[in-house]
Amino acid sequence: MAVLKVKFTKTKRDKLAQILWILNWVSVVSGIILFSLGLFLKIEIKKRNEVMAKGDINSVPNMLISVGVIACIINFLGGKICYDCSDANKFSRWKLVMLPYIVCTFCFTFCILMGALMCYTMRNELEESLYLGLRDAIKFYKDTDIPGRCFLKKTVDMLQIGFQCCGNNGFRDWFEVQWVSARYLNMASKEVMDRLKSNVDGKFLVDGVPFSCCNPSSPRPCIQYQLTNNSAHYNYDFLTEELNIWVKGCREALLDYYTAIMRSIGIAALLIWLFELSVLTGVRYLQTAMKNVLLLGDLEGESDGWLLENSFVETAKYNINIIKNLGKANQISTVSGLNDPNIDVQNTNCGKNDVATKSIPAAS
């Protein structure tokens, strides 16, 4: 029994073909939108590539870009097919193409769904990439004279100012690294030497942060050095006073920023997937209705259209049997090849020296 069978008159078939022609062009626009969203996400990731570790974070934008391009091609072809389906004579040249087209498009819609779901599952990879990238960027913040790292100071400062953040997990991350270059340290100063000798690694560690961590909205002048020393500042308590530097870590700030973008892109991709699925459903009805018209031979008469010719269970069993038969055919061909008596048989020496010839008695 056919699934969701609908009866179509010639007028309904023509209207369905015209509507699907328009919707396929709308789908081409949706493909352009997917391509644009993927390109936008790729550019946004590339902007902060210096504070991200290398990984698979570009898989989502690359997926969206590829799906967008393929969607434009498939829907352009679908528009042409639907336009010709308004005429039964023109449909005949697409008759053998439509079913493979529907199957391929159905599989392709799952690529759109996969791209949408990947937008929601990318958070963990992105968080790890940001953690490792920001850790290295803060570590090499002071290396303004080393080629390949000289840009990191400006990158980190602009990042902290733009996203109103400080450090990787927080401002205390700056306490654990030497972020002041040795060329700006007075090695003749006893205080500097004491700090260098105060740790095993010989680093100049201070309880301070770069100027880019300062919050300009604070009414108090920025306190960026000796943050944990209450006696170094007037009317100041490190534990109770609200600090006038950014408290949020840059990893959290960037993660929230990219998560909001990917959540919006994921919703858009899901809506496009539902739209593509509805258009594909209409194309399937049009294909079955036109096919039945040709079988009946009455181009002006009514015809039935459906999603599946048989029930879901019967269709599944039929496809499974096809797969099994293909496997059996391959197995039989392999076994028959092994058992073929004409294969791998040793040559028999039929020379006159080894085989005695027998005379054939003549017929009396």
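Biologist: What do the buried residues of helix 5 pack against?

Modeller: They pack against helix 6 (152–163) and helix 8 (250–296). Buried means under 20% relative accessible area, exposed over 50%, and partly exposed in between, with a 1.4 Å probe and protein chains only. Packing is read from contacts, that is, heavy atoms within 4.5 Å. Helices (H or I, at least four residues) and strands (E, at least two) are DSSP runs, numbered from the N terminus. This is a predicted model: local features need pLDDT of at least 70, side-chain atom pairs count only at pLDDT 80 or more, and totals for chains, interfaces and linings use all residues. Residues are numbered from 1 along each chain as its sequence is written, and side-chain values use heavy atoms, with hydrogens and water left out.

Biologist: Which residues of helix 5 are buried, and why do they line one face?

Modeller: The general idea first. An α-helix has 3.6 residues a turn, so residues three or four places apart point the same way. In helix 5 the buried residues are Leu-126, Ser-129, Leu-130, Gly-133, Leu-134, Ala-137 and Ile-138. Seen down the axis of helix 5, they fall within an arc of 150°, so they line one face of the helix. The arc is that of the directions from the helix axis to the C-beta atoms. On the face turned away from the buried side, helix 5 carries the exposed residues Asn-124 and Glu-128.

Biologist: What span should helix 5 have?

Modeller: The expected span of a helix is 1.5 Å times one less than its number of residues. Helix 5 has 17 residues (123–139) and should span 24 Å; its end C-alpha atoms are 24 Å apart, which agrees.

Biologist: How do I read helix 6 by the same approach? Which of its residues are buried?

Modeller: Take the span, then the faces. At 1.5 Å a residue, the 12 residues of helix 6 should span 16 Å, and the end C-alpha atoms are 16 Å apart, which agrees. Leu-152, Val-156, Asp-157, Leu-159 and Gln-160 are the buried residues of helix 6. They cover an arc of only 160° around the axis, which puts them on the same side of helix 6. Their cover includes helix 5 and helix 8. The exposed residues Lys-154, Met-158 and Gly-162 sit on the face of helix 6 turned away from its buried side.

Biologist: What phi does Gln-164 take just after helix 6?

Modeller: Gln-164 takes a positive phi of about 50°, although it is not a glycine. Gln-164 is found in the loop between helix 6 and helix 7, and is partly exposed, with a relative accessible area of 46%. Gln-226 also has a positive phi of about 50° without being a glycine. Gln-226 lies in the loop between helix 7 and helix 8, and at 32% relative accessibility counts as partly exposed.

Biologist: Is a loop residue such as Gln-224 buried or exposed?

Modeller: Compare the relative accessibility with the cut-offs. At 18%, Gln-224 counts as buried. Gln-224 lies in the loop between helix 7 (190–197) and helix 8. Leaving out residues up to four places away in sequence, Gln-224 touches Asp-207, Gly-208, Val-209, Pro-210, Phe-211 and Cys-214. The place of Gly-202 is also in the loop between helix 7 and helix 8, but at 37% Gly-202 counts as partly exposed. Gly-202 is in contact with Gln-178 and Leu-196, its neighbours within four places in sequence set aside. Gly-202 and Gln-178 are 24 residues apart in sequence and 9.6 Å apart in space, C-alpha to C-alpha.

Biologist: How many cavities of 30 Å³ or more does a search of the whole structure find?

Modeller: The search finds 1 cavity of 30 Å³ or more. A cavity is a set of points, on a 1 Å grid over the protein atoms alone, where a 1.4 Å probe fits but cannot get out; lining residues have an atom within 4 Å of a point. Grid points are joined across faces, edges and corners, and the volume is the space filled by probe spheres set on the points. The largest cavity holds about 40 Å³ of space. Its lining is Asn-24, Asn-75, Tyr-101, Thr-105, Glu-276, Val-279, Leu-280 and Val-283. Helix 4 (95–121) and helix 8 each supply at least two lining residues, and the largest share, 4 residues, comes from helix 8.

Biologist: Now the whole chain. How many helices and strands does it have?

Modeller: The protein chain has 9 helices and 2 strands, in the order β-α-α-α-α-α-α-α-α-β-α along the sequence. Of its 364 residues, 38% count as buried. Among contacts between residues at least 6 apart in sequence, 73% join residues at least 24 apart.

How values were computed:
1 Å grid on protein atoms, 1.4 Å probe; cavity = no way out; pocket = protein on both sides within 12 Å on 5 of 7 lines; lining within 4 Å.
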